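Student: I have a structure in front of me and would like to understand how its descriptions are justified. Could you take me through the reasoning?

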Amino acid sequence: MRIYTYAIIDSNQPIQECLKGLDGSPLFCLTYREIGVVASHVQEKAPETEEKSVLQHEEVIENLMQDFTVLPMRFNTIFKTEENIFSMMENYYEDFCQNLKKVRNCVEYG
């Protein structure tokens, strides 16, 4: 299995169990310091770019925005291992924190 990522959030707390990802897969949060990456497991084959998958991805992000400051990940951003995600988080930690501060308490219209 691979790890499909939805967003970087300003929290290192667990995600609500009722939130589901692509194809109803459970979401989880991989944390690094005080931020997290919201993700779910997907099969080895990447989800096809179809309207249903894009809308599911967007729905996860919109649900996360109700409780967290969110930096959305691009649709179909998939990692092979959790170690790859932690490496990315470590390398870009300062950038993620600065960008989370920029968008905190902002609202998106459109």
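Student: What makes β1 and β4 paired strands?

Tutor: In this predicted model, strand β1, residues 2–9, is joined to β4 by six bridges, and the two run antiparallel. Pairing requires at least two bridges between the strands, so with six bridges β1 and β4 count as paired. One of the contributing positions is Ile9, whose bridge partner in β4 is Val70.

Student: How do you know which strands lie at the edges of the sheet?

Tutor: The four strands form an open sheet in the order β2-β3-β1-β4, with antiparallel pairing. The edge strands are β2 (28–32) and β4 (70–79), since each of them pairs on one side only. On average, neighbouring strands of this sheet are turned by 25° against each other, direction ignored. Elsewhere in the sheet, β1 and β3 pair over seven bridges in the antiparallel sense, with Ser40 in β3 as the bridge partner of Tyr4. Five bridges support the antiparallel pairing of β2 with β3, where Leu30 stands opposite Val37. These two strands form a hairpin with two residues between them, and Arg33 in the turn has a positive phi of about 55°.

Student: Why is β3 described as largely enclosed?

Tutor: A residue is called buried when its relative accessible area is under 20%. Seven of the eight residues of β3 are buried, so the strand is largely enclosed by the rest of the structure.

Student: Why is Ser11 called buried, and where is it found?

Tutor: Ser11 is found in the loop between β1 and β2. Its relative accessible area is 9%, which falls under the 20% limit, so Ser11 is buried. Leaving out residues up to four places away in sequence, Ser11 touches Cys29, Thr31, Glu34, Ile35, Gly36 and Phe68.

Student: What makes the approach of Ser11 to Gln13 a polar contact?

Tutor: The side chain of Ser11 reaches the backbone nitrogen of Gln13 at 3.0 Å. The limit for such a contact is 3.5 Å, so the distance of 3.0 Å satisfies it.

Student: Which residues have the most contacts inside the largest nonpolar core?

Tutor: That core has 18 residues, and those with the most contacts inside it are Ile8, Ile35, Val37, Ile85, Met88, Met89 and Phe96. The elements giving two or more residues to this core are β1, β2, β3, β4 and α2, and α2 gives the most, with seven residues. Apart from this core lies another, of 17 residues, among them Ala7, Leu19, Ile61 and Phe75.

Student: How do you know that the aromatic pair of Tyr4 and Tyr6 is tilted?

Tutor: The ring centres of Tyr4 and Tyr6 are 4.8 Å apart, with 55° between the planes. The centres must lie within 6.5 Å, and planes under 30 degrees apart would count as stacked and over 60 as edge-to-face, with the rest tilted. An angle of 55° belongs to neither of those classes, so the pair is tilted. At 0% relative accessibility, Tyr4 counts as buried, and Tyr6, also at 0%, counts as buried.

Student: Why is the pair of Tyr4 and Phe75 called edge-to-face?

Tutor: The rings of Tyr4 and Phe75 have their centres 6.3 Å apart and their planes at 70°, so the pair is edge-to-face. This pair links distant parts of the chain, with Tyr4 in strand β1 and Phe75 in strand β4, 71 residues apart. Ring pairs join Tyr4, Tyr6 and Phe75 into a cluster.

Conventions. Residues numbered from 1 in each chain as written. Predicted model: local features only at pLDDT ≥ 70, side-chain atom pairs only at ≥ 80, totals over all residues. Heavy atoms only, no water. Axes fitted to C-alpha atoms, helices over the stretch in contact; angles between N-to-C directions. Core = buried A, V, L, I, M, F, W, Y, C linked by side-chain atoms within 4.5 Å. Buried < 20%, exposed > 50% of the residue type's maximum accessible area, 1.4 Å probe, protein only. Polar contact = N/O pair within 3.5 Å; in protein donor to acceptor, adjacent residues only side chain to side chain. Contact = heavy atoms within 4.5 Å. Phe/Tyr/Trp six-rings, centres within 6.5 Å; stacked < 30°, edge-to-face > 60°.
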